[in-house]
Amino acid sequence: MEAELAALAATTGTTLVTLLATDTWNSMREGMVLLWRRARPDRAEDVGAELDAARAELLAVRDAASDLRTEAETRDEIRAEWQGRVRRLLHAHPEVAEDLRALLAETAPAAAASPTPPAVTQQATASGEARIYQAGRDLHLDQR
């Protein structure tokens, strides 16, 4: 049972960070606050504020940094922080695990629907009268 709860906490941390900057964020945030309200009503509002702070931190790093590693490090830190919080909550209140699974099932399709597009690198060399056509998507040529 402990390993299952740890895996659920890990999935939650990853999903939460994935959704931080998406339109589905509000659903995830509200679901997490409701989860805490059920298990620890005294902490629910603080959790909401801490989630908002995590989102603001990630968005600020994303907007300010040209170094993608900084954003990745911030994501990893937030993921680890919330994974630990959720793991501790589930350890103390295993009865909320089913509610958490339902929240993840509700929000996970949105996380999967907005994956990060792969990086595209193109390189070409031409000589003489050669022509090179490159496109990252559709390419329509009309030559006469």
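A residue counts as buried when its relative accessible area is under 20%. By that cut-off Trp82, at 1% relative accessibility, is buried, and this tryptophan makes a good starting point for a tour of the structure. The model described here is a predicted one.

The overall plan is easy to take in. The chain is built with 5 helices and 0 strands, so its elements, read from the N terminus, follow the order α-α-α-α-α. Of its 144 residues, 31% count as buried. The accessible surface amounts to about 9400 Å², and carbon and sulfur atoms contribute 49% of that area. Among the contacts in the chain with a separation of 6 or more, 63% are made by residues 24 or more positions apart.

The opening helices come next. Helix 1 covers residues 2-19, which makes 18 residues. From its first C-alpha to its last, helix 1 reaches 26 Å, close to the 26 Å expected at 1.5 Å a residue. Its buried residues include Leu5, Leu8, Ala9, Leu16 and Val17, and Thr12, Gly13 and Thr15 are also among them. Helix 2, with 15 residues, runs over residues 25-39. The distance between its first and last C-alpha atoms is 21 Å, close to the 21 Å expected at 1.5 Å a residue. Here the buried residues include two tryptophans, Trp25 and Trp36, together with Met28, Met32, Val33 and Leu35. Arg29 and Gly31 belong to the buried residues of helix 2 as well.

Two glycines link these helices to later parts of the chain. Gly13 is located in helix 1 and is buried, its relative accessible area being 0%. Which residues does Gly13 contact, leaving aside its neighbours within four places in sequence? They are Arg79 and Gln83. The C-alpha atom of Gly13 also lies 9.0 Å from that of Arg85, although the two residues are 72 residues apart along the chain. Gly31 has its place in helix 2, and its relative accessible area of 15% puts this glycine in the buried class too. Between Gly31 and Asp99 the sequence separation is 68 residues, while their C-alpha atoms are 8.8 Å apart in space.

The aromatic rings bring the account back to Trp82. A pair of aromatic rings is described by the distance of the centres and the angle of the planes. A search of the whole structure finds 1 aromatic pair. Its members are Trp36 and Trp82, arranged edge-to-face, with 6.1 Å from centre to centre and 85° between the planes. Because Trp36 lies in helix 2 and Trp82 in helix 4, the pair ties together parts that are 46 residues apart in sequence. Both partners are buried: Trp36 has a relative accessible area of 5%, and Trp82 stands at 1%. Trp82 has a charged companion as well, for Arg85 lies over the face of its ring, at 4.3 Å from the ring centre.

Charged side chains form a further theme. Side chains of opposite charge can pair when their charged atoms come close. How many salt bridges does the structure hold? The total is 14. Arg85, already met above Trp82, takes part in one of them with Glu81, where the closest N and O atoms are 2.8 Å apart. Glu81 and Arg85 are 4 residues apart in helix 4 (residues 68-92), so about one helical turn separates them. Glu81 is partly exposed, at 36% relative accessibility. These two residues also belong to a network of salt bridges that links them with Arg43, Asp46 and Glu50.

Two other salt bridges can be described in detail. In the one between Arg29 and Glu30, the closest N and O atoms are 2.8 Å apart. Is each partner buried or partly exposed? Arg29 counts as buried at 15% relative accessibility, whereas Glu30, with a relative accessible area of 43%, is partly exposed. The other bridge joins the side chains of Arg101 and Glu98, at 3.4 Å from N to O. Both residues lie in helix 5 (residues 97-113), where they are 3 residues apart, about one turn of the helix. Arg101 is partly exposed, with a relative accessible area of 26%, and Glu98 counts as exposed at 52% relative accessibility.

Conventions:
Residues are numbered from 1 along each chain as its sequence is written. This is a predicted model: local features need pLDDT of at least 70, side-chain atom pairs count only at pLDDT 80 or more; totals for chains, interfaces and linings use all residues. Side-chain values use heavy atoms; hydrogens and water are left out. Buried means under 20% relative accessible area, exposed over 50%, partly exposed in between (1.4 Å probe, protein chains only). Contact means heavy atoms within 4.5 Å. Accessible areas come from the Shrake-Rupley method with a 1.4 Å probe; for residues, only the protein chains shown count as cover. A salt bridge is a side-chain nitrogen of Lys or Arg within 4 Å of a carboxyl oxygen of Asp or Glu. The expected span of a helix is 1.5 Å times one less than its number of residues. Rings of Phe, Tyr and Trp (its six-membered ring) pair if their centres lie within 6.5 Å; planes under 30 degrees apart count as stacked, over 60 as edge-to-face and the rest as tilted. A charge sits over a ring if NZ of Lys or CZ of Arg is within 6 Å of the ring centre and within 35 degrees of the ring normal.
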